[in-house]
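Here are some exercises to work through with the structure open beside you. Try each task before you read its solution.

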Amino acid sequence: MPELPEVETIRAQLEPILSGATIADAWTFGTQKFAQATEVVGLSIIDIRRRGKYLIIGLSSCARFADGSDTPEIGGAYGTPDIADIPDIEMIIHLGMTGRLSVAPPNESTGESVDFGSDFGGADFGGADFGARVRHPHRRAEWLLSDDRIIEFTDTRRFGRIAVVEPGQYSSLATLAHLGPEPFDDEFTPEFLRARLHQSTQAIKTQLMSQRVVAGLGNIYVDEALWAARVNPRSTRVTKAQSVALHDSIVSSLEAGIRNGGTTLRDYRDATGASGNNQLTLKCYGRSGLPCLHCGGTLARTVISGRSTTFCPLCQRRK
DNA sequence: CGATTTCCCTGGCCGC
DNA sequence: TGCGGCCAGGGAAATC
């Protein structure tokens, strides 16, 4: 499931190849969750940023860049734009559980049908601008670029979402509107973490999953971070020492995820179609019944706010 | 208003 | 081999 490291991996791959591209046409699967994808036709991509698990694609009707040219200068870290303009429009993409983004080259974009393999059997939705084209059966949106490449959004389980908004106007996306700080920002400190956790009586895992305390954690990285910090997922309070350990483990588990190209358990692929490698480094998630790598006890499974949770009953005792 | 529960989706897997 | 049932889970909506 794409969490912050997976979304960041995809963002870093897409920004250099899509900055400056102009969207010539768009197609969407016929449901409300993806319908707004067509509202960006005619606009140019000026940057691709990320907040938590949300991709934010900045678009302008008249792309101008900081150096005065009409082409972007690539190289900014974490989507920092080198563009003078503030986007006219933002397209927000959430990958949900199974969302994938990729960019098809021109020779696969028009003309002959694309062979997706015998198990797909996708229907031909060919239109005038996209040409005759067999779409993957779980394709939810496509954007045809003026250079004939196609941005493809595929989402088997349709938990993803696409929204087009005025820049910074996120009231239609409640979670994004109330998103906590980025885990790598200076604002996110052990003191901040502890203070925010103590504002609610909900279980720590529930709070971290809410995105309101800190942005970007999902089920995998939450379980990893709580285990590494030896904090019980049902705790409602943390000591100062625990807040330091938990802050550190949140940051380091997410950094490891990025460094390893994301976690592929089943569905996740990056923008090139490649699997990540972080699943090889997981020490807690999915290991219930196996030995705890801290204390040798047996990791247990429970359910917290409807989510499968793995933890060590011995070294993650409630305090 | 905050906390909790339900629902959306589909493919993979299990047992019979 | 086929099939019913269950599980995975981010986030929005409904309910408590």
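Two strands count as paired when DSSP finds at least two bridges between them. Keep in mind that this is a predicted model.

**Exercise 1. Take stock of chain A: how many helices and strands does it have, and what share of its residues is buried?**

Step 1. Go through the secondary structure of chain A, and you arrive at seven helices and 10 strands.

Step 2. Now for burial: chain A has 319 residues, and 40% of them count as buried.

Step 3. Finally, take the contacts between residues at least 6 apart in sequence; 60% of these join residues at least 24 apart.

**Exercise 2. Work out which strands pair with β6, and in what sense.**

Step 1. Start with β1 (residues 23-28): five bridges tie this strand to β6, and the two run antiparallel. For one such pair, look at threonine 28, whose bridge partner in β6 is alanine 141.

Step 2. Turn to β7 (residues 150-155), which also pairs with β6 over five bridges in the antiparallel sense. Here tryptophan 143 has isoleucine 151 of β7 as its bridge partner, and alanine 141 stands opposite phenylalanine 153 in β7.

Step 3. Check the link between β6 and β7: they form a hairpin with four residues between them. In that turn, aspartate 148 has a positive phi of about 75°.

Step 4. Put the strands in order, and you get an open sheet of four, β1-β6-β7-β5, with antiparallel pairing. β1 and β5 (99-104) are at the edges with a single partner strand each, so one side of each has no neighbour in the sheet. From one strand to the next, the twist averages 15°.

Step 5. Is β6 (residues 139-145) enclosed or not? Seven of its seven residues are buried, so the rest of the structure largely encloses this strand.

**Exercise 3. Trace the open sheet that holds β3 and β4, and find the helix that packs on it.**

Step 1. The order to look for is β2-β3-β4-β8, four strands with antiparallel pairing. β2 (44-51) and β8 (161-165) take the edges; each has a single partner strand, so one side of each lacks a neighbour in the sheet. The twist in this sheet averages 20° from strand to strand.

Step 2. Zoom in on the middle: β3 (residues 54-60) and β4 (residues 89-94) run antiparallel and are joined by six bridges. Leucine 59 stands opposite isoleucine 89 in β4.

Step 3. The helix you want is α1 (residues 4-18), which packs on the sheet and touches β2 and β3. Its direction makes about 165° with that of β2.

**Exercise 4. Decide whether α6 is enclosed, and say what its buried residues pack against.**

Step 1. Count the buried residues of α6 (residues 219-228): nine of the 10 qualify, so this helix is largely enclosed by the rest of the structure. Among them are Tyr221, Asp223, Glu224 and Trp227.

Step 2. Look around the helix: the buried residues of α6 pack against α5 (204-209), α7 (240-259) and β10.

Step 3. Step past the end of α6 to arginine 230, whose phi is positive, near 60°.

Step 4. Bring in the largest nonpolar core, which has 66 residues; Ile57, Val214, Leu217 and Ala225 have the most contacts inside it. Its largest share, seven residues, comes from α6.

Step 5. Try one of those residues: leaving out residues up to four places away in sequence, valine 214 touches Gly180, Pro181, Pro183, Phe188, Leu193, Leu208 and Ile250.

**Exercise 5. Is glutamate 191 buried or exposed?**

Step 1. Find glutamate 191 in helix α4 (residues 190-197).

Step 2. Count its C-beta neighbours inside 10 Å: there are 12, so glutamate 191 counts as exposed.

**Exercise 6. Which residues surround the two DNA strands?**

Step 1. Around DNA strand B you'll find nonpolar, polar and charged residues, including Thr156, Arg157, Phe159 and Gln202. The split is one nonpolar, six polar and two charged.

Step 2. DNA strand C has 17 residues around it, the closest being Phe159, Thr175, Gly218, Asn219 and Ser308. Two or more residues of this surface come from each of α3 (174-177) and β10 (307-311).

Step 3. Sort the surface near DNA strand C by class, and you have six nonpolar, eight polar and three charged residues.

Methods
Residues are numbered from 1 along each chain as its sequence is written. Chains are lettered from A and ligands numbered from 1 in the order in which they are written. This is a predicted model: local features need pLDDT of at least 70, side-chain atom pairs count only at pLDDT 80 or more; totals for chains, interfaces and linings use all residues. A residue is near a molecule or strand if its C-beta atom, placed from the backbone, lies within 6 Å of it. Ala, Val, Leu, Ile, Met, Phe, Trp, Tyr, Cys and Pro count as nonpolar, Asp, Glu, Lys and Arg as charged, and the others, Gly among them, as polar. Axes are lines fitted to C-alpha atoms, for helices over the stretch in contact, and angles run from 0 to 180 degrees between N-to-C directions. Two residues are in contact if their C-beta atoms, placed from the backbone, lie within 7 Å. A residue is buried if 20 or more other C-beta atoms lie within 10 Å of its own, exposed if 12 or fewer, and partly exposed in between; C-beta atoms are placed from the backbone. A nonpolar core is a set of buried Ala, Val, Leu, Ile, Met, Phe, Trp, Tyr and Cys residues joined through C-beta atoms within 7 Å.
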